[in-house]
4 protein chains.
Amino acid sequence: MATNKLQVGILGATGMVGQRLASLLDHHPWFDLRWLGASDRSAGKRYAEACNWRLREPMPAAARELMVNDCVPNGNAPQLLFASLDSKVAGEVEGAFARAGHAVVSNSSYYRMEADVPLVIPEVNPGHLALVRAQRRERGWSGMIVTNPNCTTVGLAMSLAPLDRAFGLAKVMMTSMQAVSGAGYPGVPTLDILGNVIPYIGGEEEKVEAETQKLLGSLDADSAHDGHVEPGDFRVSAHCNRVMVEDGHTETVSVAFKSKASRDQVLAAWRDFEAPSEVRTLPSAPGRPIVIREEKDRPQPKFDVNAEHGMAAVVGRLRPCPVLDYKYVVLSHNTIRGAAGAALLNAELMKAEGYLD
Amino acid sequence: MATNKLQVGILGATGMVGQRLASLLDHHPWFDLRWLGASDRSAGKRYAEACNWRLREPMPAAARELMVNDCVPNGNAPQLLFASLDSKVAGEVEGAFARAGHAVVSNSSYYRMEADVPLVIPEVNPGHLALVRAQRRERGWSGMIVTNPNCTTVGLAMSLAPLDRAFGLAKVMMTSMQAVSGAGYPGVPTLDILGNVIPYIGGEEEKVEAETQKLLGSLDADSAHDGHVEPGDFRVSAHCNRVMVEDGHTETVSVAFKSKASRDQVLAAWRDFEAPSEVRTLPSAPGRPIVIREEKDRPQPKFDVNAEHGMAAVVGRLRPCPVLDYKYVVLSHNTIRGAAGAALLNAELMKAEGYLD
Amino acid sequence: MATNKLQVGILGATGMVGQRLASLLDHHPWFDLRWLGASDRSAGKRYAEACNWRLREPMPAAARELMVNDCVPNGNAPQLLFASLDSKVAGEVEGAFARAGHAVVSNSSYYRMEADVPLVIPEVNPGHLALVRAQRRERGWSGMIVTNPNCTTVGLAMSLAPLDRAFGLAKVMMTSMQAVSGAGYPGVPTLDILGNVIPYIGGEEEKVEAETQKLLGSLDADSAHDGHVEPGDFRVSAHCNRVMVEDGHTETVSVAFKSKASRDQVLAAWRDFEAPSEVRTLPSAPGRPIVIREEKDRPQPKFDVNAEHGMAAVVGRLRPCPVLDYKYVVLSHNTIRGAAGAALLNAELMKAEGYLD
Amino acid sequence: MATNKLQVGILGATGMVGQRLASLLDHHPWFDLRWLGASDRSAGKRYAEACNWRLREPMPAAARELMVNDCVPNGNAPQLLFASLDSKVAGEVEGAFARAGHAVVSNSSYYRMEADVPLVIPEVNPGHLALVRAQRRERGWSGMIVTNPNCTTVGLAMSLAPLDRAFGLAKVMMTSMQAVSGAGYPGVPTLDILGNVIPYIGGEEEKVEAETQKLLGSLDADSAHDGHVEPGDFRVSAHCNRVMVEDGHTETVSVAFKSKASRDQVLAAWRDFEAPSEVRTLPSAPGRPIVIREEKDRPQPKFDVNAEHGMAAVVGRLRPCPVLDYKYVVLSHNTIRGAAGAALLNAELMKAEGYLD
């Protein structure tokens with residue numbers, strides 16, 4: 001029955017994001033998970049043995065029996081590979097698979113800021129996929145690498161995209177309160193976070209600042225041919241913190257616009273925001289990319305993290321900011337919208353747009 | 001042996017801040033806790049019976065046996081009263097005691113922003129105490145009310161004061177991650193905060209924005225006589241959040257200055273900051289009002305909340321801000337520096353300056 | 001479309017268990033929620049306004065618009081009422097409704113240990129419903145009261161029932177680690193439980209000890225007519241503790257049997273345990289009342305609390321006990337299997353057995 | 001000034017227990033910390049660099065500058081060494097140092113149950129130290145190994161000791177709710193324990209059961225010469241669980257005695273319990289080894305873990321047990337009384353008794 005589906009694999013299948021990918025791929029209408037790769041320690045074992053499964057929902061039955069392979073391109077992996085590798089090895093492994101002809105849809109930070117590598121949120125900048133042509137040409141790859149943003153960037157960028165289009169972003173100030181699952185497993189030791197806040201996450205602030213500008217940057221025919229995105233003409237400052245939450249990054253945001261906007265216009269920009277029609281119909285696309293909560297104390301991770309199956313950016317508390325123009329709160333699911341779901345939606349877009357033919 | 005000490009009382013003695021006051025007053029060199037006031041429910045009982053003691057350190061032996069009184073000025077209370085009442089009743093009760101001749105050192109928000117009521121951090125604006133003269137004259141009170149800031153304002157204002165003096169503040173953006181003890185007892189239900197963030201605390205943002213401007217405002221002889229502070233000429237924007245921490249508000253801050261400053265100059269402004277000499281020698285004054293942590297991931301509530309016996313503002317992570325000039329993290333103990341310890345230090349200053357004679 | 005369903009109501013609709021009932025009754029195949037009762041404070045408001053909804057899943061659309069009534073029997077409530085009232089008022093309110101002809105399916109402790117009131121777990125002692133006849137006769141009620149056990153008793157009793165049948169229980173020792181949702185809302189203050197264990201829950205140990213004996217007691221024709229259950233001939237000792245878990249009571253259990261049993265026989269007794277056929281087909285009956293986890297470190301609330309939609313008792317770690325015969329761990333969902341789901345299953349059994357005709 | 005103090009070292013200085021040892025040894029009246037040993041990764045660095053310090057109190061200034069050595073006996077280490085090594089390496093390393101003439105005071109489980117190795121709680125069984133003579137003779141060691149019990153055993157054994165003496169223990173049933181610090185650092189991943197209970201700790205139950213019998217066993221002149229303790233003539237069953245607490249193991253206990261005891265007699269046995277006079281005067285001995293809390297809901301880790309500087313067993317809730325004779329709750333600090341403080345007190349006893357001469 002899975003005969004018409006595209007076979008896919010996961011590089012880094014035993015980590016937290018790999019587990020989410022395995023879970024989201026279960027009974028996927030287009031993709032059939034047939035191949036798993038992980039570190040030496042896991043290779044050669046069944047997934048059920050190799051993986052310390054940490055999701056609340058059980059490991060998919062089909063995945064349990066798959067053998068775990070080494071992460072080397074030796075011809076037995078499918079063309080389409082999701083990659084959720086540690087960034088220390090992602091550069092080498094993902095490059096090797098792309099060179100060997102695989103389409104690598106990566107959640108790692110390694111290639112995200114390379115000029116010729118698409119960094120894509122399908123609802124926001126689907127056209128950036130076109131960078132792939134320059135990438136393949138320049139690097140001589142028969143495959144390709146396409147990336148999704150950092151888990152902290154994605155909710156911010158989704159909430160900013162309609163505002164940038166409508167009013168022109170000038171300045172963005174963001175403070176995150178990030179869930180522990182963002183650090184993987186074993187990740188954050190309990191002794192570090194129980195009853196505590198850690199006001200530092202290595203490299204995170206720089207990623208949020210740079211990725212947001214690339215995601216909301218422009219790519220015309222010329223720059224696509226040259227292989228680089230013109231970054232968004234606005235400034236971003238990020239403060240990143242770890243708090244004792246399992247899933248869901250909460251972010252306070254202040255923004256200044258280039259042109260004046262009323263509160264109702266900002267709300268309308270969010271409310272009317274929708275993905276291009278080719279994205280809206282993808283299997284993993286959220287019904288509403290932006291969900292607006294009207295209550296005075298929402299969004300909250302406990303109640304809102306799974307909005308739209310964890311694929312929405314949930315916003316609330318829009319109000320004037322005495323320093324910039326407006327302030328609000330945005331929440332998104334860091335291992336779904338911020339990682340596994342983001343990669344999956346990217347792959348769906350790539351398939352719909354013919355990049356996997 | 002306590003004969004030379006000034007007798008003092010607590011209005012609102014059974015709440016979280018009242019408990020902290022009772023604890024800090026134990027064996028105080030200048031003050032002798034002799035009188036407790038609380039709601040009808042507690043009046044007529046011994047403190048040990050009336051109070052659901054929630055501090056880790058035991059209830060002071062002397063306080064255990066004190067009888068709890070109604071909060072009405074009937075002549076049996078000492079001249080100096082600390083007030084940690086719910087803001088719903090603070091207006092009436094504190095006013096009644098001030099009218100009846102008591103010096104009320106209040107932690108409540110009710111009178112803080114009244115033009116003729118001093119809002120004081122001794123290390124920052126001890127001279128604002130002078131407003132008391134206009135207050136007594138205008139209101140015809142034989143007593144007085146002196147207030148300390150909200151628990152979220154205090155760490156922010158202490159970290160800003162030396163920067164304002166040195167470089168002139170222009171803009172301040174702050175996001176707080178606040179401890180549950182700030183909401184009193186029973187306070188935050190576990191079901192609301194376990195594994196969650198609540199991105200809203202009623203009235204808190206407005207307090208932080210207004211109080212910071214009053215604290216860093218100016219009071220010359222004329223305005224002291226008129227009975228109002230000229231608010232600081234800068235803008236403040238606050239985002240307030242509750243997180244699962246017991247004690248210690250952590251705040252991310254971005255600031256813009258009126259004049260240029262290097263990173264070393266900012267650090268030097270903090271390092272060199274000290275209270276006026278009449279404040280430094282007060283019994284509850286911290287050795288260093290501002291403690292600088294050099295580590296990349298500090299301050300943290302777990303490790304730093306009790307710096308200088310909970311009376312310091314602990315700063316760290318100073319770095320350039322792409323939107324304003326600099327960004328940093330500040331932490332302070334919300335029920336000590338942000339409430340009971342703040343009131344106690346104010347009372348010590350009042351005594352040292354002759355306001356209680 | 002709901003015309004063939006039985007109309008039902010909830011007494012105590014705004015509390016945590018009332019909310020769970022409203023959620024479980026949404027789209028129920030047999031019951032149609034049409035009436036809500038709560039305290040004076042809520043009466044006269046729409047449920048959406050009156051209720052501080054604390055479940056992760058949204059309030060059912062149909063329930064939102066229902067008006068909340070006073071909890072007095074004035075003829076406008078349906079015959080079948082679920083009751084999740086505070087035990088302080090449950091005695092009077094439930095009695096009044098039963099007297100007025102309502103079938104009250106109660107989660108309160110008030111009537112549970114009354115001799116003529118059925119205390120029922122449908123998979124364990126469905127026949128105890130027969131006590132209702134004596135109850136109505138003796139009390140002259142046209143209605144009736146049927147109860148389910150305490151949230152801590154239910155998982156224990158379900159895990160013990162097959163062992164009692166197979167080997168005869170002699171002694172039971174249980175220590176619970178109970179979730180905060182068991183204390184309702186606002187319930188446990190964060191300041192009491194953050195990073196803490198509270199080794200005491202008022203009245204809980206006595207309930208577990210007495211209820212387990214009644215649930216596993218016997219009711220023959222004579223005792224049914226007399227209106228009392230012969231309590232189980234075994235001893236129970238309970239230690240009850242509160243821990244920082246949202247949902248799911250975890251219990252360590254040691255048991256001694258009257259006749260010898262091998263480990264395999266105990267496992268088989270659990271594995272083969274099933275409800276009588278009339279119970280198995282009820283809409284809310286779990287597929288397996290007892291779920292056995294084979295892993296060395298399960299069950300755990302995080303992973304197992306929702307087994308069988310929260311209606312199972314999940315057991316694991318069966319091993320010999322050096323003091324009694326065997327020891328194991330059992331987990332059940334305290335607000336579903338231990339409260340709302342338990343009442344719902346009781347009502348389904350009552351309907352299937354003709355008690356509501 | 002430290003010239004008269006005995007120089008000491010720590011094997012495994014960078015772990016959680018090693019850090020506690022370094023902290024407790026700061027300004028110790030008898031011992032002077034001069035030597036640190038740890039794994040290859042740390043050797044050759046200053047302690048301040050090698051150690052990820054996780055205690056709330058700062059690293060002692062004297063320890064900061066000590067160089068970390070390899071854990072091999074090459075003549076530069078002091079005679080007296082505290083050992084808090086991972087049990088995987090403890091066997092080899094501790095044995096090598098004992099053979100080389102060092103007195104190794106170990107917190108590891110490796111040698112605890114060896115017949116000729118003293119397992120000692122000074123207040124309970126100081127005489128068991130005498131096993132050292134047989135140990136040295138049999139093994140041909142010029143040094144020795146003395147051990148303290150597992151962190152879960154110690155509070156239980158201290159609370160049982162006076163009851164065993166007074167009434168004779170017959171049966172003991174214990175369920176623990178253990179703090180995360182017991183698992184070391186990084187130890188328990190947040191994703192495993194946030195809002196969860198883990199009802200399993202590898203090897204822990206077996207340790208508690210065996211160690212309690214050895215600690216409360218008897219050693220007469222003959223058995224001392226033979227080199228073995230006659231284990232206590234009672235049965236112990238342990239259920240061990242991990243909960244989200246930082247420090248402090250809470251345990252529910254049921255006991256049966258050989259002779260009858262009233263509740264008052266049990267309380268009196270605890271109240272009157274004191275260490276032998278040679279132990280009471282040791283620098284780290286608690287004023288009261290057993291602290292009785294009278295409140296209905298104590299002891300609790302939050303309030304009681306630091307009783308007697310973390311060296312007490314705090315008991316409460318004594319009441320009849322329907323299955324055995326009595327039940328109660330006991331709490332002790334797992335890294336002080338259960339590890340570092342236990343080793344330190346053992347070393348003080350060894351010194352006082354002349355074992356280090």
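**Notebook: helix 6 of chain D, and how B meets D**

I started with burial: 15 of the 17 residues of helix 6 of chain D are buried, so this helix is largely enclosed by the rest of the structure. Buried here means 20 or more other C-beta atoms within 10 Å of the residue's own, with C-beta atoms placed from the backbone. Helices are DSSP runs of H or I, at least four residues, numbered from the N terminus.

Note to self: this is a predicted model, where local features need pLDDT of at least 70, side-chain atom pairs count only at pLDDT 80 or more, and totals for chains, interfaces and linings use all residues. Residues are numbered from 1 along each chain as its sequence is written, while chains are lettered from A and ligands numbered from 1 in the order in which they are written.

Next I checked the length of helix 6 of chain D, residues 151-167. At 1.5 Å a residue (times one less than the number of residues) it should span 24 Å, and its end C-alpha atoms are 25 Å apart, which agrees.

I also looked for a kink. Helix 6 of chain D bends by about 30° at D:Leu160, with D:Pro162 following within four residues; the bend is the angle between axes fitted to the seven residues ending there and the seven starting there. Just past the helix, D:Gly168 has a positive phi of about 75°.

Then I turned to the pair. Chain B lands on chain D after a rotation of 180° with 0.0 Å of shift along the axis, RMSD 0.0 Å (least squares on C-alpha atoms of residues with pLDDT of at least 70 in both). That is the relation of a two-fold axis.

Methods
Helices (H or I, at least four residues) and strands (E, at least two) are DSSP runs, numbered from the N terminus. A residue is buried if 20 or more other C-beta atoms lie within 10 Å of its own, exposed if 12 or fewer, and partly exposed in between; C-beta atoms are placed from the backbone.
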